[in-house]
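Notebook open, model loaded. I want to go through a few spots one by one and jot down what turns up.

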Amino acid sequence: MLIPKQIVIPALVRVKPGALDRIGIYAERHAFMRVKLFFSQDFEEEVVARLTKSLQLRNVQILQKTAVESVSFEKVTELFRQSSGNADAIIGFGGGKALDVAKYLAFLFRLPYLSVPTSLSNDGFCSPQSSLTVGDRRRALPSAMPFGVILDTAVCLDAPEILWHSGVGDLVSKFTAVTDWKMAFHAIGTPVDDFAALLSDASVHQFLGRPKRDLEGMRLLGTALLLNGISMSICGSSRPVSGSEHLISHALDRVSKRPRLHGLQVGVATYLMSLLQGQNSERIAELFDRTGFWQTIARHPFDRLEWLEAARVAPSIKSDFYTVLSSRDCLPEIKTALHSDPTLCECFR
Ligand SMILES: [Zn+2]
C-alpha cells in the first residue's frame, strides 16, 4: 500500500549570474511586498545595497534590516520577541550565520523564507534545519524549508576560494553518509528511503563530472548542495547527508581549540571514514586532488591528537545513530590511517 507523504520543497529556485539584482522581481511575482531582511554583519555596504536596490525598484518595502552577529538560540529568540510577524516574507542574505538565523525566524513567524546565499560553504542554505548554538554547543534545530532559493553564481564565485573547498568537502560526505545509512539498515534495521539516498548520491556525481571553480562549476556545486537539502526533506532526517564523517566534525567542534570550517573538517573526515568503510576512497582522493582541496588543508594542517580525541567522542554524539564507527572499535584503524596513509599524512601535524 502506498503511504501518502507530504514533501516540502522550494517553489522558487534561481541559480544564475545576476540573480541578486532580480530579487525584487521574484518578490513582487509572489506578492512579497513587505519583507524583513537579515544579512551577514561582515558584508560591505555596497553588497547589501545591491539587494535593497533590487527590492526598492519593485516597491518592495523593507520593514526591518538587521545585521546578524550571533547564531546563539537566545539571541535569535530575543530577535523574535523584539519584532512582529507582520511581513509577507523573510530574506536571509549572506553566509552560514545570517541564513541560519533568518531561516529560524521565518520558522518561528511561520512566514515564507527566501534564502540568498553568497557562498557555497555547506548545504545549509536549502535545508529544513538551522544550525544554532544552544548554551555553548552548536545544534541542528528543526526549521523551515526555504520557499525560495536565489543563488547568484557570480556572487558566489567572488567569495574566497576556501569557502568553495568547504562546500566541496560537505558535498562529498554524501558518499560516506549513504554508506553509513545502508550499514545502519543491515545492522539495526534503520529504514532507508531509497529515493532520498538516490538523490543524495546523484547530486555528488553531477558535480564529479566537472569539478571546476568557475561560473558553471558554481552552478553545479550549488545545485548539488541544494538537492542534498531536498533529500533531507524527502526522508525527514539528516541521514542522506550526514553520517560518521559529520559525527567526527561535530566532535571536533567540541574538542578543538580552534574549530575550522565545517566542510573542511567534514571533507577530510569523509576520506578517513571511506577508508574504514572500504569504499570510494580513491574517488574522493582524486576529486580532492583535482579541486586543490588537499593543498588547502596541507597549508594549515589539522592537529592529529585533536582528531584522535574527536574520533573517540564521535560515536556518542548522537544516540540511536548507527554508523561505521558503531560497527567495531575503529580507533586503532584511525590512528594507523592518520599516521601512515600517504594522503592524510600531509593533512596532519
Ligand atoms: Zn554538512
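Strand pairing first. I looked up β2 against β3 (residues 61-68) and found 7 bridges joining the two strands, which run parallel. To get from β2 to β3, the chain passes through helix α2 (residues 45-57), and I noted this β-α-β crossover as right-handed. For a register check I took lysine 36, whose bridge partner in β3 is glutamine 64. This is a predicted model, so every entry here is a reading of a prediction.

Next, what else pairs with β2? Strand β4 (residues 89-94) does, in the parallel sense, over 5 bridges. My register marker here is phenylalanine 39, with phenylalanine 93 as its bridge partner in β4. I also checked how covered β2 (residues 34-40) is: 6 of its 7 residues are buried. A general reminder to myself: side chains in a regular strand alternate between the two faces of the sheet.

On to the metal. Which residues coordinate the zinc ion? I found Asp170 through OD, plus His246 and His262, each through NE2, at 2.1 to 2.2 Å. Along the chain the donors follow the spacing D-x75-H-x15-H. Aspartate 170 sits in helix α6 (residues 161-188) and histidine 262 in helix α10 (residues 262-277), so I logged them as a pair linking distant parts of the chain, 92 residues apart.

Then I asked myself whether aspartate 170 is buried or exposed. Aspartate 170 counts as buried because its relative accessibility is 0%, and buried means under 20%. Histidine 262 comes out at a relative accessible area of 25%, so I put it down as partly exposed.

Last stop, arginine 213. I located this residue in the loop between α7 (194-208) and α8 (215-235). Its relative accessible area is 29%, so arginine 213 goes into my notes as partly exposed.

What does arginine 213 touch, leaving out residues up to four places away in sequence? My list reads Leu157, Ala159, Pro160, Glu161, Trp164 and Met218. Two of these names came up again when I looked at polar atoms of the arginine 213 side chain: the backbone oxygen of leucine 157 lies 3.1 Å from one, and the backbone oxygen of alanine 159 lies 2.8 Å from one. I also took the C-alpha separation between arginine 213 and glutamate 161, which is 8.4 Å for residues 52 apart along the chain.

Definitions and conventions: Residues are numbered from 1 along each chain as its sequence is written. This is a predicted model: local features need pLDDT of at least 70, side-chain atom pairs count only at pLDDT 80 or more; totals for chains, interfaces and linings use all residues. Side-chain values use heavy atoms; hydrogens and water are left out. Helices (H or I, at least four residues) and strands (E, at least two) are DSSP runs, numbered from the N terminus. Buried means under 20% relative accessible area, exposed over 50%, partly exposed in between (1.4 Å probe, protein chains only). Contact means heavy atoms within 4.5 Å. A polar contact is a pair of N or O atoms within 3.5 Å; within protein, one must be able to donate a hydrogen and the other to accept it, and residues adjacent in sequence count only if both atoms are side-chain atoms. Two strands pair if DSSP finds at least two bridges between them. A crossover is right-handed if, with the strands pointing away from the viewer, the path from the first strand over the helix to the second runs clockwise. Donors are N, O and S atoms within 2.8 Å of the metal (3.2 Å for Na, K and Ca); water is not among the atoms, so sites may look incomplete.
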